[in-house]
Each structure stands twice: as structure tokens, then as C-alpha cells.
Number of protein chains: 2
Amino acid sequence: MATDRLSAIFAALADPTRRAILAHLANGASTVKELSAPFAMSGPAISKHLAVLERAGLISRGRDAQWRPCTLRAAPLKDVADWAEHYRRFWDPSFDRLDSYLRDLQRQERDHDHSGQDHHDDVRDAV
Amino acid sequence: MATDRLSAIFAALADPTRRAILAHLANGASTVKELSAPFAMSGPAISKHLAVLERAGLISRGRDAQWRPCTLRAAPLKDVADWAEHYRRFWDPSFDRLDSYLRDLQRQERDHDHSGQDHHDDVRDAV
DNA sequence: TGGTTATCTAACCGCAGGGTTAATTAACCA
DNA sequence: TGGTTAATTAACCCTGCGGTTAGATAACCA
């Protein structure tokens, strides 16, 4: 796998088992045993999937006695959403310059109202 | 690689060369030669990357004499954006129920005004 | 026709991904 | 202390990925 951050994230998401694990964690933290329950797969296999997700920053793991509770970390998914967003104009016929302007305006207002999100939409991050 | 559609898309995106190719194609159709120019990589390597992108539905290839012009197909990127969107509440502190409601409302209006996009946000597509 | 250019296919190589089983570590409990 | 449960690590297998070089296709051009 390529070593860059975004590649690691996409690679981690390119497996239905791992996406199902993320979906499960959207309902709250969970132990490895609980996470492996839905799958016809050995424990070590799940452990490896979790290691991949952790390396991509998509989960974090704590310690509670003999359990290792996993927690969803969604920040990388924002990177994915932001990346895909660069291509919106190609699938969304209503996404023209005016729409884009209004959308950004509204987003900035919302972010200003609630909590200052940083908006680094740099060209560097484009690929 | 897993055989399901979304996995194929994510796997195709999990490579910086392929993402760079998509970025290039965002500026318009391009031949294989043009696409390979920025990379220190053999022609066949690029051909393979293009095959991966084509299998994932991210590009289509035509025929113009001895050239095979590649064109961006962004529909799968919409799938990616939609998938990531399910997790927005985890990274966007301003994404609460009211925000979601207003956003959907606005989107529906926009789609109604312009061209009827289908909005199947089914649970089936969640993973 | 022969030569050139663009591209793909074939065959190969090294390595990492996704899975297995067996052994190990770490914590609880009686 | 010893036994049980949770989870990881180790070692291995097979497949597929990302790259290579060499050869095959296909179209243009003179």
C-alpha cells in the first residue's frame, strides 16, 4: 500500500468487513469480541482489520481490564468527504459557480455561529 | 480485492497515481500518453492503473485513431461522498437534527428546481 | 508497402493483504 | 494459586497488486 495518509484511509475503507466494523462503531464503542460476532471469521482476522483501521486513524483503542474497547474516529472520513467534494461538479448538475458560492457562504456562517472549523481547502490536498 | 462495488471504488482510490490521474482528467479527456507524462513509470504500469479505474467505473475509454482518450466518470465518487456523509455527525459539530433537516430541505428544493436527482439514502447502502 | 507512434497483453518478480491455526500475553475470578 | 476469558503475536499460505521488460495490435503516414 502507498504510504501517504489518504491512500491509507482509502485502502482501509476498501474492505466490506472494515466498513461494517465502522458502521457498528457508529452506535458506540465496542469490544473486539462484540465486533467480531457478526462475521464468520477468526479473532486474529478481526484484530488485523482493527489494526488497519487504527493505522488509518479511523478508530482508537482503549483498555478496560481484559477488553480493548474500540472507538470510531471520523476525522479521516472528513478528509474523504472533502476529497470527493472536489469532484461534485461532475456528478451534481446543479453544482455551478453560484451554487458553490452560496454553499460556501452558508457553511462559513454556520461554522462561525457554532465552532470555528478550519477551512484549509488547499491545492496541496487536491490529490 | 473484495468484489463488491464500493470496495472496488475505494481500492481504486487507494493509490496516489490513480488519484492524480483522476485529478488530471478533471481538466478534460486525455490520452494515455498525456496521462503518463507526469509519472516516472512505464506505459504498461499506467495502462494497469487505467484498467483499475475503468473496472471501478471511474473512467471510460474511447477510441480516436491510435489514441484511447480517457474520460472521467464521477458517479462512483458520488457513492463515496454519500457513504462518507453517513458519518458527518461524527466530525461536524454543527450537524445536528435541525441542520440535517434544513440541509435535506434545501437539497430537495434545489434538485426539484434543476433536475430530479434520486435520493435513495437507504439503510441497505450503509456499509 | 514499410516505418512510426500509441497502446495493450504476456510473463515475470517482489511484496503486502486477508485469511488460517497455534502460541503468548494480560487481566479477571474462585 | 490455577483456571477462564479477551486479545494479540507468530508463522504460514495463497492471492492479487504494482511494477518491470518484451512482444503483439492497431492505426497513422510517406
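Tutor: Two residues are in contact when their C-beta atoms, placed from the backbone, lie within 7 Å. The model is predicted: local features need pLDDT of at least 70, side-chain atom pairs count only at pLDDT 80 or more, and totals for chains, interfaces and linings use all residues. Residues are numbered from 1 along each chain as its sequence is written, while chains are lettered from A and ligands numbered from 1 in the order in which they are written.

Student: Which residues does B:A84 touch, not counting residues up to four places away in sequence?

Tutor: B:A84 belongs to the largest nonpolar core, a set of buried Ala, Val, Leu, Ile, Met, Phe, Trp, Tyr and Cys residues joined through C-beta atoms within 7 Å. Buried means that 20 or more other C-beta atoms lie within 10 Å of a residue's own; 12 or fewer makes it exposed, and values in between partly exposed, with C-beta atoms placed from the backbone. With residues up to four places away in sequence left out, B:A84 touches A:L77, A:V80, A:A81 and A:A84.

Student: How many residues does the largest nonpolar core have?

Tutor: A:F10, A:A84, B:F10 and B:A84 have the most contacts inside this core. Its number of residues is 52.

Student: What is the pattern of chain A, read along the sequence?

Tutor: Helices (H or I, at least four residues) and strands (E, at least two) are DSSP runs, numbered from the N terminus. Chain A has 7 helices and 2 strands. Read along the sequence, they follow the pattern α-α-α-α-β-β-α-α-α.

Student: Against which elements do the buried residues of α1(A) pack?

Tutor: The buried residues of α1(A) are A:L6, A:I9, A:F10, A:A11, A:A12 and A:L13. Their partners lie in both chains: α2, α4 and α5 (75-85) of chain A together with α1 (5-13) of chain B.

Student: How wide an arc do the buried residues of α2(A) cover around the axis?

Tutor: In this helix, residues 16-25, the buried positions are A:R18, A:R19, A:I21, A:L22 and A:L25. The arc, taken from the directions from the helix axis to the C-beta atoms, is narrow enough to put them on the same side of α2(A). Their cover includes α1 (5-13), α3, α4, β1 (59-61) and β2 (70-72) of chain A. The arc is only 155°.

Student: Which element gives the largest share of the surface near DNA strand D?

Tutor: A residue is near a strand if its C-beta atom, placed from the backbone, lies within 6 Å of it. For DNA strand D there are 23 such residues, the closest being A:T31, A:K33, A:P44, B:S42 and B:A45. Two or more residues come from each of α3 (32-36) and α4 (43-55) of chain A and α4 (43-55) of chain B. The largest share, 5 residues, is that of α4(B).

Student: Which element gives the largest share of the surface near DNA strand C?

Tutor: Of the 23 residues around DNA strand C, A:S42, A:P44, A:A45, B:T31 and B:K33 come nearest. The elements giving two or more residues are α4 of chain A, with α3 (32-36) and α4 of chain B. The largest share, 5 residues, belongs to α4(A).

Student: What is the phi of A:A65?

Tutor: Most residues other than glycine have a negative phi. A:A65 lies in the loop between β1 and β2 of chain A and is exposed, with 5 other C-beta atoms within 10 Å. Its phi is positive although it is not glycine, with a value near 55°.
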